[in-house]
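Grab a pencil and pull up the coordinates: here's a short set of exercises with worked solutions. Try each task before you read on.

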Amino acid sequence: MDTFIFQSKFQVPIERLFQFHEDPIGFETLMKANQGIRVIQKPSSLNVGETAILKVPILPFLYTEWIAKHTKYEKNSLFQDNQEKGPFLKFLHTHRFIKVNENESILSDEIEINFYVWPISKFILFPMLYLMFKKRHKLTAEYFSVKPNLIFSGYSRTVVN
């Protein structure tokens with residue numbers, strides 16, 4: 001299994017960065033990074049069991065339904081959503097928040113992903129994920145009027161026995 005990771009440091013306290021993601025403005029802001037995606041149902045919170053339903057383009061004029069359910073929540077630490085239905089064989093997204101000091105925090109987006117004809121498809125998907133999360137982190141930073149400082153972008157391989 002492969003995990004795509006995108007980490008940035010923000011000149012923002014961890015509580016504020018997490019609150020941005022909890023507030024409806026966070027979801028609305030981050031959806032701007034996903035061109036062509038139509039929101040059918042927004043999650044009302046980050047609590048376990050909340051669901052987002054999206055229409056995602058897979059080809060021009062061809063959409064698929066993507067249902068993601070929140071499966072883990074730890075205030076000011078992380079939340080996680082898991083694809084229940086969608087274009088991937090597996091898509092588990094952990095949004096991790098790491099405190100650096102009182103005024104700095106790290107946002108780490110970690111996506112356990114599997115897709116058809118893996119591992120060949122990762123050479124297409126990982127650059128797409130890189131561009132999407134670069135834009136998402138940029139939009140997050142703009143909300144706070146700061147600049148994101150990219151720490152890491154890449155992947156790790158998890159060996160399953």
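The exercises below go through a predicted model, starting with rings and ending with backbone angles.

**Exercise 1. Work out how phenylalanine 18 and phenylalanine 79 are arranged, and which elements they join.**

Step 1: Start with the count, which comes to 14 aromatic pairs. One of them is phenylalanine 18 with phenylalanine 79, with 6.3 Å centre to centre and 85° between the planes.

Step 2: Classify the geometry. Ring centres have to lie within 6.5 Å to pair, and planes over 60 degrees apart count as edge-to-face, so this pair is edge-to-face.

Step 3: Place the rings. Phenylalanine 18 lies in helix H1 (residues 14-22) and phenylalanine 79 in strand S5 (residues 78-85), so the pair ties together parts that are 61 residues apart in sequence.

Step 4: Check the burial. Buried means under 20% relative accessible area. Phenylalanine 18 comes out at 0%, so it's buried, and phenylalanine 79 is buried too, at 4%.

**Exercise 2. Find which residues the ring pairs link into a cluster, and what lies over the face of tyrosine 63.**

Step 1: Follow the ring pairs, and you get a cluster of Phe4, Phe126, Phe133 and Tyr155.

Step 2: Now look at tyrosine 63. Arginine 38 lies over its face, 4.4 Å from the ring centre.

**Exercise 3. Trace three salt bridges, and say which parts of the chain each one ties together.**

Step 1: Recall the general idea: side chains of opposite charge can pair when their charged atoms come close. This structure holds eight salt bridges.

Step 2: Take glutamate 22 and lysine 75, which meet at 2.7 Å, N to O. Glutamate 22 lies in H1 and lysine 75 in the loop between strand S4 (62-74) and S5, so the bridge ties together parts 53 residues apart in sequence. Lysine 75 is partly exposed, with a relative accessible area of 45%.

Step 3: Move to lysine 85 and glutamate 65, whose closest N and O atoms are 3.0 Å apart. Here strand S5 holds lysine 85 and strand S4 holds glutamate 65, so parts 20 residues apart in sequence are tied together. Both ends are partly exposed: lysine 85 at 42% and glutamate 65 at 23%.

Step 4: Finish with glutamate 110 and arginine 96, a salt bridge of 3.0 Å, N to O. Glutamate 110 sits in strand S7 and arginine 96 in strand S6 (residues 90-101), so the parts tied together are 14 residues apart in sequence. Glutamate 110 is buried at 15% relative accessible area, whereas arginine 96 is partly exposed at 30%.

**Exercise 4. Describe the largest pocket: its volume, its lining and the elements that supply that lining.**

Step 1: Get the volume, which is about 1,200 Å³. Of the 46 residues that line this pocket, Asn34, Ile37, Trp66, Met132 and Arg136 are the closest to its centre.

Step 2: Sort the lining by class. You should find 29 nonpolar, 11 polar and six charged residues.

Step 3: Sort the lining by element. H1, helix H2 (24-31), strand S3 (51-59), S4, S5, S6 and H3 each supply at least two residues. H3 gives the largest share, eight residues.

**Exercise 5. How many cavities of 30 Å³ or more are there, and what lines the largest cavity?**

Step 1: The count is one cavity of 30 Å³ or more, and the largest has a volume of about 30 Å³.

Step 2: List its lining: His21, Leu30, His95, Leu107, Asp109, Arg136, His137 and Thr140. By class that's two nonpolar, four polar and two charged residues.

Step 3: Assign the elements. Strand S7 (104-114) and helix H3 (122-144) each supply at least two lining residues, with the largest share, three residues, coming from H3.

**Exercise 6. Where in the chain are asparagine 76 and serine 145, and what are their phi values?**

Step 1: Keep the background in mind: most residues other than glycine have a negative phi.

Step 2: Check asparagine 76, which has a positive phi of about 60° although it isn't a glycine. Asparagine 76 belongs to the loop between S4 and S5, and at 23% it's partly exposed.

Step 3: Do likewise for serine 145. Its phi is also positive, about 60°; the residue is in the loop between H3 and strand S8 (149-157). Serine 145 is exposed, at 68% relative accessible area.

Note on methods
Residues numbered from 1 in each chain as written. Predicted model: local features only at pLDDT ≥ 70, side-chain atom pairs only at ≥ 80, totals over all residues. Heavy atoms only, no water. Phe/Tyr/Trp six-rings, centres within 6.5 Å; stacked < 30°, edge-to-face > 60°. Helix = DSSP H or I, 4+ residues; strand = E, 2+ residues; numbered from the N terminus. Buried < 20%, exposed > 50% of the residue type's maximum accessible area, 1.4 Å probe, protein only. Lys NZ or Arg CZ within 6 Å of the ring centre and 35° of its normal. 1 Å grid on protein atoms, 1.4 Å probe; cavity = no way out; pocket = protein on both sides within 12 Å on 5 of 7 lines; lining within 4 Å. Points joined across faces, edges and corners; volume = space filled by probe spheres on them. Nonpolar A, V, L, I, M, F, W, Y, C, P; charged D, E, K, R; others polar. Salt bridge = Lys/Arg side-chain N within 4 Å of Asp/Glu carboxyl O.
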